[in-house]
Each structure stands twice: as structure tokens, then as C-alpha cells.
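Here is a walk through one protein structure, taken a few residues at a time. Keep the view open and turn it as you read.

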Amino acid sequence: MIQLSAVIITYNEEHNIGRCLDSLIGVADEIVVVDSFSTDRTEAICRQYAGVRFLQHPFGGHIEQKNYALQQAAFPYILALDADEALSDALKKAILDTKKDWQRDGYSMNRLTNYCGQWIWHSGWYPDQKLRLWRKEKGKWGGTNPHDKVEMEAGSTVAHLPGDLLHYSYYTVQEHVERAEKYAVIAAEAMRQQGKGATWLNVLFSPVLKFLRNYVLKGGFLDGQLGYTICRLSALETYWKYRLLRNLS
């Protein structure tokens with residue numbers, strides 16, 4: 001059976017980290033938590049777990065921090081979670097079965113999000129496939145901050161696992177608004193650094209298209225009032241991003 005390192009980055013995650021770590025017990029052979037100097041009880045909670053290696057490192061961006069955490073892993077097989085995520089029982093079983101018979105370079109899984117106490121099955125949020133289990137030598141974190149993703153080497157083989165990665169995203173709508181504002185700023189700056197710009201057409205029409213895609217085509221209306229809220233705030237984040245990018249250009 002292969003040995004597996006679980007890696008997590010944290011900052012002020014006292015409400016989430018315990019659930020995340022509990023779900024990894026019996027699945028990961030080591031758990032590495034890289035914290036960017038939390039001011040809440042995150043460190044104290046992590047140190048209650050015998051199998052957790054707790055490290056602190058300055059935050060330089062989501063991609064940069066996750067790649068630093070990746071480098072700290074002792075084993076060549078990686079399972080990466082965010083602090084607000086946890087493994088479902090079905091996904092735990094799938095990962096344990098994979099450890100006994102590892103056949104691919106990487107494995108993806110569906111992510112199911114809990115929003116203000118409700119599981120969201122539509123709105124562009126499910127199945128939300130994420131590649132989170134892979135051979136360390138075959139992939140690393142990439143994408144555009146803050147929307148990081150694991151990028152595999154060309155020619156890598158990938159399979160999909162049953163079960164869900166449970167994502168406890170926002171406890172209140174206000175928390176979503178604040179995060180959307182923050183992510184819009186990060187995304188606009190990242191796009192500016194890549195030499196990208198924005199026109200007024202981007203500012204005006206991209207949010208509308210985003211809302212129609214998620215609410216109509218992706219069935220956001222089936223998630224009720226919270227589905228409308230999610231789709232509206234996703235569109236608003238897109239508007240903020242392009243408006244900020246245009247101002248930066």
C-alpha cells in the first residue's frame with residue numbers, strides 16, 4: 001500500500017480545521033498543515049492531533065502557499081484539502097481502495113458545497129470536479145490566484161473517484177459578499193500581472209452571462225432562494241473583477 005501525505009493551508013480556520021482533520025484520520029499517513037500565522041485557535045486545534053505536522057510560513061498567494069506546503073510532504077503521493085473541506089465516507093473508502101491499488105498519476109473527485117446550511121446541487125457549484133489526489137512528481141499547483149488548481153504534466157493519466165469532497169463554504173451571506181470582494185481584487189491584480197485588460201463590454205456583459213449561465217443553464221433556480229443569491233453574488237464578483245481590472249489597466 002502506498003503512503004499518502006495530506007496537505008492543508010490555513011489562516012484563522014478554527015471553525016473548520018477540526019472537521020477537516022477528523023476526516024483524514026485513517027486515510028492519510030501524515031498530515032501537513034502550513035499556517036500563515038493565524039490569530040485564532042487554529043494552531044491549538046491542530047496540535048491536539050498526534051499525526052499533524054504544523055508549520056508556519058508567510059502567505060504569498062494561494063498557489064505559492066500550496067506549492068510550499070506540497071514541498072513539505074514526506075511521501076510521494078499527495079492528498080490536498082482546503083481547511084473548509086472534508087472527505088465524505090464514500091470518498092474515504094475510494095481513497096483507501098486506491099491506496100491499495102494505485103493505477104493512475106492523479107485522481108479527481110466531485111466537490112459538494114454547503115452554503116448557509118444547505119447543500120447546493122446546481123448553480124454551477126456541482127459536480128465541481130477537483131483533482132486533489134496525485135503523484136507529487138507529476139503535478140503541482142497552478143491556475144490564477146485565487147482560483148488555484150492542480151496542473152498535471154502532459155501525458156499524465158487521471159481517473160475519477162466516487163464520493164464527494166464536502167465543502168463548507170459560507171456560514172452567512174455577508175461572509176460570501178466579503179469573500180467575493182476580496183477574490184475580485186486578487187483576481188484583477190493577477191490578470192493585470194499577466195498583461196490582461198478589460199473593456200467596457202467585459203464589465204457590462206460578463207456578469208450578465210455569468211448569472212444566466214449559473215441560474216438558467218446550470219439550474220441555479222432549483223436551489224431556491226439561496227441558489228438565486230449564489231448566482232447573483234457570482235455575477236457581482238465578476239463585475240467587480242472586470243471593473244477593477246479596467247481601472248488598473
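**A guided look around**

Let's start with F37, which counts as partly exposed because its relative accessibility is 44%. Keep in mind that this is a predicted model. You'll find F37 in the loop between strand 2 (30-35) and helix 2 (42-46). Its backbone is worth a look too: phi of F37 is near 65°, a positive value in a residue that isn't glycine. Most residues other than glycine have a negative phi, and most peptide bonds are trans.

C116 has a positive phi as well, near 55°, and is not a glycine either. This residue sits in the loop between strand 6 and strand 7. With 27% relative accessibility, C116 counts as partly exposed.

Now for the peptide bonds. The one from Y126 to P127 is cis, with omega near 15°, and P127 belongs to the loop between strand 7 (118-120) and strand 8. Another cis bond runs from N145 to P146, where omega is near 5°. Look for P146 in the loop between strand 9 (139-144) and strand 10.

Next, pick out helix 4, residues 89-100. Its 12 residues, at 1.5 Å a residue, should span 16 Å, and the C-alpha atoms at its ends are 17 Å apart, so the two agree. Which residues of helix 4 are buried? They are L91, A94, I95, T98 and K99. These cover an arc of only 140° around the axis, so they lie on the same side of helix 4. An α-helix has 3.6 residues a turn, so residues three or four places apart point the same way. Swing round to the other side of helix 4 and you'll see D89, K93 and K100, which are exposed.

What do the buried residues of helix 4 pack against? Their partners are strands: strand 1 (4-10), strand 4 (77-80), strand 5 (85-87), strand 6 (106-115), strand 8 (130-135) and strand 11 (158-170).

Strand 1 also helps you find E13, which is in the loop between that strand and helix 1 (17-24). Setting aside its neighbours within four places in sequence, E13 is in contact with D40, T42 and A83. Take D40: it is 27 residues from E13 along the chain, yet the C-alpha atoms of the two are separated by 7.6 Å. For a contrast, try Q71 and L166, which are 95 residues apart in sequence and 25 Å apart in space, C-alpha to C-alpha. Q71 is part of helix 3 (residues 62-72), and its 60% relative accessibility makes it count as exposed.

Helix 3 also leads us to the charged pairs. Side chains of opposite charge can pair when their charged atoms come close. The model has 15 salt bridges, counting a side-chain nitrogen of Lys or Arg within 4 Å of a carboxyl oxygen of Asp or Glu. One of them joins D148 to K66, with the closest N and O atoms 3.0 Å apart. D148 lies in strand 10 (residues 147-152) and K66 in helix 3, so this pair ties together parts that are 82 residues apart in sequence. Are these two buried or exposed? Both D148 and K66 are buried.

Another salt bridge links R135 and E137, whose closest N and O atoms are 2.2 Å apart. R135 is partly exposed, with a relative accessible area of 24%, while E137 counts as exposed at 54% relative accessibility.

Over in helix 5 (residues 173-193), R179 and E175 are 4 residues apart, about one turn of the helix. Their side chains meet in a salt bridge at 3.6 Å, N to O. R179 is partly exposed, with a relative accessible area of 24%, and E175 is partly exposed too, with 23%. Elsewhere, salt bridges that share partners join K66, D82, E85, R111, D128, K130, R132 and D148 into one network.

Our last stop is on the surface. W200, L201, L204, F205 and L209 make a nonpolar surface patch of about 590 Å². Among them, L209 is found in helix 6 (residues 200-217), and it counts as exposed because its relative accessibility is 57%.

Definitions and conventions: Residues numbered from 1 in each chain as written. Predicted model: local features only at pLDDT ≥ 70, side-chain atom pairs only at ≥ 80, totals over all residues. Heavy atoms only, no water. Helix = DSSP H or I, 4+ residues; strand = E, 2+ residues; numbered from the N terminus. Expected span 1.5 Å × (residues − 1). Buried < 20%, exposed > 50% of the residue type's maximum accessible area, 1.4 Å probe, protein only. Arc of directions from axis to C-beta. Contact = heavy atoms within 4.5 Å. Patch = residues over 30% accessible without salt bridge, like charges linked within 9 Å, V, L, I, M, F, W, Y side chains within 5 Å. Areas by Shrake-Rupley, 256 points an atom, 1.4 Å probe, with all protein chains shown as cover.
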